[in-house]
Amino acid sequence: MGLLFIYSTINPTNVNFLPKCPLYVTTGIYCPGCGSQRATHYLLNLNFIGVVKQNVLYILGLCIIVYHFLIIAINAVLKKRIYNYIYHPKTPLIILIIVLLFWVLRNLPFAPFHLLAPH
C-alpha cells in the first residue's frame, strides 16, 4: 500500500530517489520496461493517455493480468472450465516475441517508432 501511495502522489519524473533504468542510464537504450514507473503514476491518477505515452506495452501487460484473474474468477464463481490461454505452451513464446519486437522498435530514432519511446 505504501508504494501505491508513493506512486499515486509522486511523479517519478520530478524526483531523484526512485530507481532509474540501469540499461537506459548506462547505454541510452530504452528497455521494454522503461517508462513503467511513470505509467504507474499516471494509471493511479487515471491519466490513460499518459500511460500510453510512457509505455504501450504496459497496457498489454495489464490486459494479460486482468484476463488471467478474470478467467480464474469466472471459473471459480460460475464453476466453469474456461481454458486460460495464459497456460498455453506457445503463450510465453508469443509474449517474448512481442516484447523483443517492442524493444527494438522503440529504440529506432525515426517516425513513427520514436513514439514508442517514453516521453
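**Close-up views of an all-helix chain**

**View 1. The whole chain, read from its start to its end, follows the pattern α-α-α-α-α-α.** The model shown is predicted, and its chain holds 6 helices and 0 strands. Measured out along its principal axes, the C-alpha trace spans about 50 × 35 × 25 Å. Of the 119 residues in the chain, 21% are buried, while the accessible surface of the chain comes to about 8400 Å², with 76% of that area belonging to carbon and sulfur atoms. Among the contacts in the chain with a separation of 6 or more, 46% are accounted for by residues 24 or more positions apart.

**View 2. Cys34 and Cys21 are shown with their sulfur atoms, in a chain where the count of disulfides comes to 0.** Cys34 is in no disulfide, although the sulfur of Cys21, which is the nearest cysteine sulfur, is 3.4 Å away. Because a disulfide is counted here only for a pair of cysteine sulfur atoms within 2.5 Å, the distance of 3.4 Å between the sulfurs of Cys34 and Cys21 leaves Cys34 without one. Cys34 is also buried, with a relative accessible area of 6%.

**View 3. Cys63 is another cysteine that is in no disulfide.** For Cys63 the nearest cysteine sulfur is that of Cys31, and the distance to that sulfur is 20 Å. Cys63 is partly exposed, its relative accessible area being 45%, whereas Cys34 is buried at 6%.

**View 4. A nonpolar patch on the surface is formed by Ile29, Leu93, Leu96, Ile97, Leu100 and Trp103.** Taken together, the residues of this patch have about 530 Å² of accessible area. One of them, Leu93, has its place in helix α6, which runs over residues 91–105.

**View 5. Thr91, like Leu93 in the preceding view, lies in helix α6.** At 16% relative accessibility Thr91 counts as buried, because the cut-off for a buried residue is under 20% relative accessible area. When residues up to four places away in sequence are not counted, Thr91 touches Tyr85 and Ile86. The view of helix α6 therefore brings together Thr91, which counts as buried, and Leu93, which is one of the residues in the nonpolar patch on the surface.

Technical notes
Residues numbered from 1 in each chain as written. Predicted model: local features only at pLDDT ≥ 70, side-chain atom pairs only at ≥ 80, totals over all residues. Heavy atoms only, no water. Helix = DSSP H or I, 4+ residues; strand = E, 2+ residues; numbered from the N terminus. Buried < 20%, exposed > 50% of the residue type's maximum accessible area, 1.4 Å probe, protein only. Contact = heavy atoms within 4.5 Å. Areas by Shrake-Rupley, 256 points an atom, 1.4 Å probe, with all protein chains shown as cover. Patch = residues over 30% accessible without salt bridge, like charges linked within 9 Å, V, L, I, M, F, W, Y side chains within 5 Å. Salt bridge = Lys/Arg side-chain N within 4 Å of Asp/Glu carboxyl O.
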